[in-house]
Amino acid sequence: MTEPKEPTTGPANRWDRRQLLTGALTVAAGVLVWIALTLPAEPGRLYPSSLLRIPVEALVLAGLLLVVPTRARTPVAIVGGLWVGLLAAWTAFDLGFHTFLARPFDPVHDWPLAWAGLGFLTDASGQAVAVAAVVGVVLLALLVLVLTTLSMLRLAKVVARHRRQASSVVAALGAVWLVAALVGAQLVADLPVAAHHGDKVQRVGESLRDHRAFAAELAVDEFRDVPDDELLTALRGKDVLIAYVESYGRDAIENPRYEATIGATLTSGEQRLTESGFEAQSGFLTAPIIGGGSWLAHATLRSGLWVDNPRRYQTVLDSDRMTLNHAFQRAGWRTVGVMPGIFDDWPEGETFGYDEIYDRAALDYQGPRMNWGIIPDQYTVAAFERFERSARDRAPVMAEMPLLTSHNPWTPVAPLIDWEEVGDGSIFHDRPAVGPPAEEVLRDPERLRTAFGHAVAYSLDTLISYVETYGDEDLVLVMLGDHQPSPLVTGDGAGADVPVTIVTGDPALLDRIADWGWHDGIRPGPEAPVWGMDAFRDQFLTAFA
């Protein structure tokens, strides 16, 4: 009986395996390049059908590889691979910006935001995590560039070996792309079949032209030459506090899920303020940003200009623009910035018109760390009262105060305690914060939204309680959000509107803004007027001049 033979692994089998591996690598290279060029830039459009689009960049690169001389094919493939990798990285940045800031990435203006994000990550998670994140991002970017370049080199060889077939495919796909572009053919989520990255180039051009347009706006200021004794005459003798509630957007007061937290706080707070002799009116402002970049919103309100990117911010700093702070300063107020989020030197403060800046160190908080903000809002407001308003024989004070408890990640939240107990903040060692650790909340969108509601309610309750406790006829509170939270909280399409409220114990002041059409109370209704945040400075200076 003949013994069965072992399978042979001769040259033919080895050649078959090599062909199979070569084919698999070629397919992988093609898929990688195709995905890099068709990946949507918005999270809400991430559907498998997006890969059915035809990217014009792929057709252009394939056409170049078909027509260039043999000696130029490799350089073209390398440059093309790097270009595809850069487009993929750009799309990844767009996805991140849309997820957290509800807008695309601006390669001209947005790099300073990377430093701000790194600072937040360092404070929230420590330097080691921040360094690891930077290294990881750099390595991932390099890996993408290497893979797309290697893929283009492999595809260039395939095109060279199969010129006739490649030409036919490019011609056919080019015809389909052209027809789809002319008729506006679309897939799901309004994605065009004729894909291209021309919008990225267009955004760069718009960003480069932006500086000249903004400089022209900056040169016009009808309040620059108003005499000092004619500024803010209706507010003479009043202490004015402009308090930003971080992430307090329109969604916070109109989304039913927050009615039990934020809504209840506003309802009870309005009743308490009325019983204490205070009146309020409210409207909406459209912020220049969503999800982050609070300092851009603050600069917009101060300057009366639309400051939506770091370059505009720096341009305002380099100018002699009269900010709200300057107006109060010129009219005789002591101007202060209560800035618990400032950790280092902040030379902008003097430029913006502050006589005194209470940064994190100057606030001298001795309590426990509370999420990224570290200092509970109640301590921040109490410190302002102790350092400024309780002083005797003083000039009226105008203060700008961003509150940070409602800053991402919105947990844990300190309890609101009796104001007389706040002291140097050490009391909070014995009054622990409430809420799960930030790292747990950030992994769960539902818990994240719940934490957001509690944090904003706490910040609002802090301001309402402060007015109840320390307010009088000479206190004017301007309470507003700086921006909507990120789409992780609101979902897509929530807009950029934020509530703004003026609270006062002097009814005559609200008479001066009667023509604004704002709604009575601290909660604006759906039909309340909406202004751009850049309109507030001029409206305010006009009403109280």
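Two strands are taken to pair if DSSP finds at least two bridges between them, and with that in mind I would like to begin with strand S3, keeping in view throughout that this is a predicted model.

Strand S3, which covers residues 239-245, pairs in the parallel sense with strand S8, residues 475-481, over 7 bridges, and within that pairing the bridge partner of Ala-243 in S8 is Met-479. S3 also pairs in the parallel sense with strand S7, residues 397-403, here over 6 bridges, where Ile-242 has Glu-400 as its bridge partner in S7.

How many of the residues of S3 are buried? The count is 7 of its 7 residues, so that the strand is mostly covered, given that buried means under 20% relative accessible area. Taking the two faces in turn, Asp-239, Leu-241, Ala-243 and Val-245 are buried on one side, and Val-240, Ile-242 and Tyr-244 are buried on the other.

Let me turn to Trp-83, which lies in helix H3, residues 70-101. Trp-83 counts as partly exposed because its relative accessibility is 38%, a value between the 20% and 50% cut-offs. Trp-83 and Val-176 are 93 residues apart in sequence, and their C-alpha atoms are 24 Å apart in space.

Finally, the cavities. The structure holds 1 cavity of 30 Å³ or more, and the largest cavity has a volume of about 40 Å³. Its lining is made up of 10 residues, with Met-370, Asn-371, Ile-375, Pro-376 and Thr-405 lying nearest the centre, and by class that lining comprises 7 nonpolar and 3 polar residues, with no charged residues.

Key. Residues numbered from 1 in each chain as written. Predicted model: local features only at pLDDT ≥ 70, side-chain atom pairs only at ≥ 80, totals over all residues. Heavy atoms only, no water. Helix = DSSP H or I, 4+ residues; strand = E, 2+ residues; numbered from the N terminus. Buried < 20%, exposed > 50% of the residue type's maximum accessible area, 1.4 Å probe, protein only. 1 Å grid on protein atoms, 1.4 Å probe; cavity = no way out; pocket = protein on both sides within 12 Å on 5 of 7 lines; lining within 4 Å. Points joined across faces, edges and corners; volume = space filled by probe spheres on them. Nonpolar A, V, L, I, M, F, W, Y, C, P; charged D, E, K, R; others polar.
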